[in-house]
Amino acid sequence: MPLEHIIGCLVTQDASVQDAAGAIQNGGKQICLLVNESNHLIGSVTDGDLRRGLLAGVQVHAPASMIMNKSPVSAFIGTAPEVLLEIIKTNDIQQIPLIDKSGQVTNIIHLHDLSAPALHQDNIVVLMAGGL
């Protein structure tokens, strides 16, 4: 799967905290993934990581690697949606990076992506009105 739809969520391993915050803001998935030059997953940064880092005194021009999760939960591409949903619920996370067998990031699945069909069903309304 092409990376165009998640490219805004990816930053290089030498990105700053400010770069990571921009990727979270502009990427549309509420997460920033740090990758190396081969797009291998190195770590992740979420809003919570940003807040904790800033409260601990980390400056915005410091490397994002100082605040990243060095062991982000991920899954292999092709993992069944039910399994992805269970991983997300078990780990109390909102999104999960999908990687291929070599460790390259291929996609980011958000909780909303997995629950969207149940949330966006067509509403059928029957209005019965009567009177005297």
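Asp 92 sits in the loop between helix H3 (81–91) and E5. The structure is a predicted model, and what follows should be read in that light. Asp 92 stands out for its backbone: its phi is positive, at about 50 degrees, even though the residue is not a glycine. As for surroundings, the relative accessibility of Asp 92 is 69%, and because anything over 50% counts as exposed, Asp 92 falls in the exposed class.

Gln 30 shows a similar quirk of the backbone. Here too there is no glycine to point to, yet phi is positive, at about 65 degrees. Gln 30 belongs to the loop between helix H1 (17–27) and strand E2 (32–35). With a relative accessibility of 44%, Gln 30 is rated partly exposed.

Gln 30 also leads on to Gln 95, since a polar atom of the Gln 95 side chain lies 3.3 Å from the backbone oxygen of Gln 30. The Gln 95 side chain has another backbone oxygen within reach, that of Lys 29, at 2.9 Å. Gln 95 itself is part of strand E5. Its relative accessible area comes to just 8%, so Gln 95 is buried, the cut-off for that label being under 20%.

What else does Gln 95 touch, once its neighbours within four places in sequence are left aside? The contacts take in Lys 29, Gln 30 and Ile 31, then Thr 46, and finally Ile 108, Ile 109 and His 110. A bit further along the chain comes Leu 114, which is 19 residues from Gln 95 in sequence. In space, the C-alpha atoms of Gln 95 and Leu 114 are 9.9 Å apart.

Gln 95 turns up again in the largest pocket. This pocket has a volume of about 200 Å³, and 13 residues line it. Nearest its centre are Ser 44, Thr 46, Asn 69, Ile 93 and Gln 95. Two elements, helix H2 (47–55) and strand E5 (95–99), each give two or more residues to the lining. Sorted by class, the lining is a mix: five residues are nonpolar, five are polar and three are charged.

Pulling the threads together, Gln 95 and Thr 46 are both among the residues nearest the centre of the largest pocket, and they are also in contact with each other. On its other connections, the side chain of Gln 95 reaches the backbone oxygen of Lys 29, and a polar atom of that side chain lies 3.3 Å from the backbone oxygen of Gln 30.

Terms used. Residues are numbered from 1 along each chain as its sequence is written. This is a predicted model: local features need pLDDT of at least 70, side-chain atom pairs count only at pLDDT 80 or more; totals for chains, interfaces and linings use all residues. Side-chain values use heavy atoms; hydrogens and water are left out. On a 1 Å grid over the protein atoms alone, a cavity is a set of points where a 1.4 Å probe fits but cannot get out, and a pocket is an open set with protein on both sides within 12 Å along at least five of seven lines; lining residues have an atom within 4 Å of a point. Grid points are joined across faces, edges and corners, and a volume is the space filled by probe spheres set on the points. Helices (H or I, at least four residues) and strands (E, at least two) are DSSP runs, numbered from the N terminus. Ala, Val, Leu, Ile, Met, Phe, Trp, Tyr, Cys and Pro count as nonpolar, Asp, Glu, Lys and Arg as charged, and the others, Gly among them, as polar. Buried means under 20% relative accessible area, exposed over 50%, partly exposed in between (1.4 Å probe, protein chains only). Contact means heavy atoms within 4.5 Å. A polar contact is a pair of N or O atoms within 3.5 Å; within protein, one must be able to donate a hydrogen and the other to accept it, and residues adjacent in sequence count only if both atoms are side-chain atoms.
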